[in-house]
Amino acid sequence: MPPIVNDIFSFLGFLLSAFGLLVFGFASGRFILETFPKSNWQVQITLVLGIFGVAVGLANFVTPGSAGAFALGAGISFLASGMGKKKEEEGK
């Protein structure tokens, strides 16, 4: 197999990994932001430790771009949840 084919598949693998972790970061951030206010303090501690544990694990075992994509997805979900509350307050 020519080396260019291997390089193309490697590049597509990096893109797919980064995109997958972006989606996973967004979904896990939304899950935590939705369940955090409704739960008791033991579950809140578990949620916070879980998201930080996943971030530390990703920083150790994946490429920096993929870990950054996870953090970007979680940050986007945090910002998106804050924007939705402002629109609801303006409607009242």
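Partly exposed, on this tour, means a relative accessible area between the buried cut-off of under 20% and the exposed cut-off of over 50%. Keep that in mind for Arg30, which counts as partly exposed because its relative accessibility is 29%. One more thing before you start clicking: this is a predicted model.

**Stop 1: colour by confidence**

Start with pLDDT colouring. The chain averages 90, and 91% of the residues score at least 70. Within the chain, confidence is highest in helix 1, with a mean of 94, and lowest in helix 3, with a mean of 83. As a rule of reading, predicted coordinates shouldn't be taken in detail where pLDDT is low.

**Stop 2: the start of helix 1**

Select Met1, Ile4, Ile8, Phe9, Phe11, Leu12 and Leu15 and switch on a surface. Together these residues make a nonpolar surface patch of about 800 Å².

Two members deserve a click of their own. Ile4 sits in helix 1 and is exposed, since its relative accessible area of 54% is over the 50% cut-off. Ile8, also a patch member, belongs to helix 1, but Ile8 is partly exposed, at 44%.

While Ile4 is selected, pull up a distance to Ile51. The two are 47 residues apart along the chain, and their C-alpha atoms are separated by 38 Å.

Another distance to draw runs from Asp7 to Ala80. Here the sequence gap is 73 residues and the C-alpha atoms are separated by 36 Å. The Ala80 end of that line is in helix 3, where Ala80 is partly exposed at 34% relative accessibility.

**Stop 3: Leu21**

Stay in helix 1 and select Leu21. Is Leu21 buried or exposed? Leu21 is buried, because its relative accessible area is 13% and the cut-off is under 20%.

Now show what surrounds Leu21. Leaving out residues up to four places away in sequence, Leu21 touches Leu58, Val62, Ser66, Ala69 and Phe70. Pick Ser66 from that list and check the C-alpha to C-alpha distance: 6.3 Å in space, against 45 residues in sequence.

**Stop 4: the salt bridge**

Next, select Arg30 and Glu34 and show their side chains. How many salt bridges does the count come to? Just one, and you're looking at the pair: the side chains of Glu34 and Arg30 meet at 3.5 Å, N to O.

The spacing in sequence is worth a look too. Glu34 and Arg30 are four residues apart in helix 1 (residues 3–35), so they are separated by about one helical turn. In general, side chains of opposite charge can pair when their charged atoms come close.

As for exposure, Glu34 is partly exposed with a relative accessible area of 39%, and Arg30, as in the opening, is partly exposed at 29%.

**Stop 5: Leu33, looking across**

Between those two in sequence you'll find Leu33, another residue of helix 1. Leu33 is partly exposed, at 30% relative accessibility. Which residues does Leu33 touch, not counting those up to four places away in sequence? Select Ser77, Phe78 and Ser81.

For scale, draw one more distance, from Leu33 back to Ala18. The C-alpha atoms are separated by 22 Å, with the two positions 15 residues apart along the chain counted as the sequence gap.

**Stop 6: two serines in helix 3**

Follow the Leu33 contacts over to Ser77, in helix 3 (residues 64–91). Ser77 is buried, because a relative accessible area of 1% falls under the 20% cut-off. Zoom in on its side chain, which reaches the backbone oxygen of Ala74 at 2.7 Å. Then show the contacts: beyond neighbours within four places in sequence, Ser77 is in contact with Gly25, Phe26, Gly29, Arg30 and Leu33.

Last selection: Ser81, again in helix 3. Ser81 counts as buried because its relative accessibility is 19% and the cut-off is under 20%. The side chain of Ser81 reaches the backbone oxygen of Phe78 at 2.8 Å.

Which residues is Ser81 in contact with, leaving aside neighbours within four places in sequence? Arg30 and Leu33. That brings you back to Arg30, the salt-bridge partner of Glu34, and to Leu33 from the previous stop.

How values were computed. Residues are numbered from 1 along each chain as its sequence is written. This is a predicted model: local features need pLDDT of at least 70, side-chain atom pairs count only at pLDDT 80 or more; totals for chains, interfaces and linings use all residues. Side-chain values use heavy atoms; hydrogens and water are left out. Buried means under 20% relative accessible area, exposed over 50%, partly exposed in between (1.4 Å probe, protein chains only). A polar contact is a pair of N or O atoms within 3.5 Å; within protein, one must be able to donate a hydrogen and the other to accept it, and residues adjacent in sequence count only if both atoms are side-chain atoms. Contact means heavy atoms within 4.5 Å. A salt bridge is a side-chain nitrogen of Lys or Arg within 4 Å of a carboxyl oxygen of Asp or Glu. Patches are made of residues with over 30% relative accessible area and no salt bridge: like charges are joined within 9 Å, nonpolar side chains (Val, Leu, Ile, Met, Phe, Trp, Tyr) within 5 Å. Accessible areas come from the Shrake-Rupley method with a 1.4 Å probe; for residues, only the protein chains shown count as cover. pLDDT is the predictor's confidence in each residue, from 0 to 100.
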